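Work through the exercises below with the sequence and the 3D view at hand. Try each task before reading its solution.

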Amino acid sequence: MGVPSDDAVLIQKGNKQGEPHVITVNCPDKHGLGCDICHIILDFGLYITKGDVSTDEIWCYMVFWVVPHSSSPVVRWPSLKNRLQSLCPSCSVTFYLNDQPSNSPASPVYLLKFFCLDRKGLLHDVTQVLCELELTIQKVKVTTTPDGRVLDLFFITDNMELLHTEERQHHLCKQLDAVLGDSCISCKLRLAGPEYDCHHGISSLSPAVAEELFCFVLSDKETRLQALSSDMTNLKKANVVVDNSLSPAHTLLQIHCVDHKSLFYDILRTLKDCNIKIAFGRFSPNSKGCRDLDLFIQQKDGKKFVDPEKQNGLCSRLKVEMLHPLRVIIANRGPDTELLVANPVELSGKGRPRVFYDVTLALKALGICIFSAEIGRYSSSDREWEVYRFLLDENCGFQLSSTLARNQIVDRVRRMLMGW
C-alpha cells in the first residue's frame, strides 16, 4: 500500500542553464526528515534557492528548488535520488502499525593510506575525488615530512555501501592515481582497525582557543575579522518573531536573516535537535542577500510556544545557529600558525557536510600549503563539536605572523564555507 518507492523522490531538471532543478519528496513523515534531506542536498554541493515543506505528522510533502554551487562542478543526480529515497520511511501499511525508527547498522569505516610527494592543492584534489565518489571523510590525519613528502590517513565510509567490492576499490584507486600521478609512492585501502578510535579525538586545545571557538556569542576578535569587509557585518543581522495569533494550534516563526548556502539546513537542524515539530514551512527566494522564512511549529507535546522564556530561548538559539554556524579562527600553536574551524554536531551524531572540502579549496585558492591536518570531536558546554585543525606552511605568499594576512585567510575560508 502507499506510493511506489520510486515516486517518493522526483527530480525535475531545469530546462535551461542556470535554471533551478526541482526536488520533490512525497512520503510518510518522521521527525527531522526535512533536516536530513537538506543535509544530503548540501552534501551534493547544491544550494537551495527556495523551498516549501508541509506535513500532518503522518505524511509529508516537500519541494526544494536547487542549483549547483560554483565550487561543485559535478552533481551525480541518480545517486542523489537514491540517497534521498533511502531516507524516506517505508510507504507500506506496516509503517503506521510500527512507527519506530529502525537502527540500521553503521557503515564500515575504511582506512585510505597514501604516501606521496607534496604539492600545493594536493589535499583538496584528493578530497574532491572522495566527494565525487560519495565517500564521506570521517577522520583525517595528514603529516608532512621534512623532505617534502606527505603521509595521509583518511578514515572514510561509503554512502553507496559498495567499498567492499573489488570493482569499487579499483575505481577509487584509478581516480586517485589520475590525481596523484607519478608523485604517489604508495596507496593502500583496508578496513579500519583500532587506530580509528585512537584518532577519534583531537589534540588538546588551549583554554583561550577553546573559549573563542565554542563561545555562545561572537567574540570581539571575530567581530573584527568579520568587519574586514563591509558585507560581513551582515552576519550579525537576524530577526526572529514569534506569533501565536494566526493559528489556534501552531506558533508562527517569522525569520529574516542574511543568506548563506546552508541556512535552511542550519534552521531545520536546530529545530530537530530541540524536538520541535514543523507543520508548514516556506523558504522564500534571496532578496538583496537576505532570506525570509515562515514556519508553523509545535513543541514535542503538540502545544504552542506561549511561555515567554521558551520563546526567548528558541529565538536566541536560532540566531546563534544562523549567524554563526561555523567558527573560524587562526591561532599560534607553538612556533606554528594554525587555522581552526569548528561546527556543532547534530544530536544524531552527524557532522556538517563538505567542511573539509571547502576549507582545503579556499587554502588551495590562496596558494597556501597545509603542513598537517586533523579532524576530531570535542565536547564543550554540553555540546559536541567537530573540529578541523590545519597547520599552515610558512612558505607561502602570506606573512602568517601579520594580523592583516590572518584576517584575509579567515575571511576567504569563511566565505567559502558560507557560499559567498
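**Exercise 1: cysteines**

C38 is buried, at a relative accessible area of 2%; buried means under 20%, exposed over 50%, partly exposed in between, with a 1.4 Å probe and protein chains only. This is a predicted model, where local features need pLDDT of at least 70, side-chain atom pairs count only at pLDDT 80 or more, and totals for chains, interfaces and linings use all residues. Residues are numbered from 1 along each chain as its sequence is written, and side-chain values use heavy atoms, leaving out hydrogens and water.

Task: find how many disulfides the structure holds.

Solution. Start with the cut-off: a disulfide is a pair of cysteine sulfur atoms within 2.5 Å. Next, check C38: its nearest cysteine sulfur belongs to C35, 7.1 Å away. C38 is therefore in no disulfide. The total for the structure is zero. Finally, look at C369: this residue is buried too, at 10%.

**Exercise 2: the sheet**

Task: give the strand order of the open sheet and name its edge strands.

Solution. Strands are DSSP runs (E, at least two residues), helices are runs of H or I (at least four), and both are numbered from the N terminus. Two strands pair if DSSP finds at least two bridges between them. Eight strands follow the order 8-5-7-6-15-16-14-13, with antiparallel pairing. The edges are strand 8 (184-191) and strand 13 (327-333), each pairing on one side only.

Now take one pair. Strand 5 (residues 110-117) and strand 8 share seven bridges in the antiparallel sense. Within strand 8, K188 is the bridge partner of K113.
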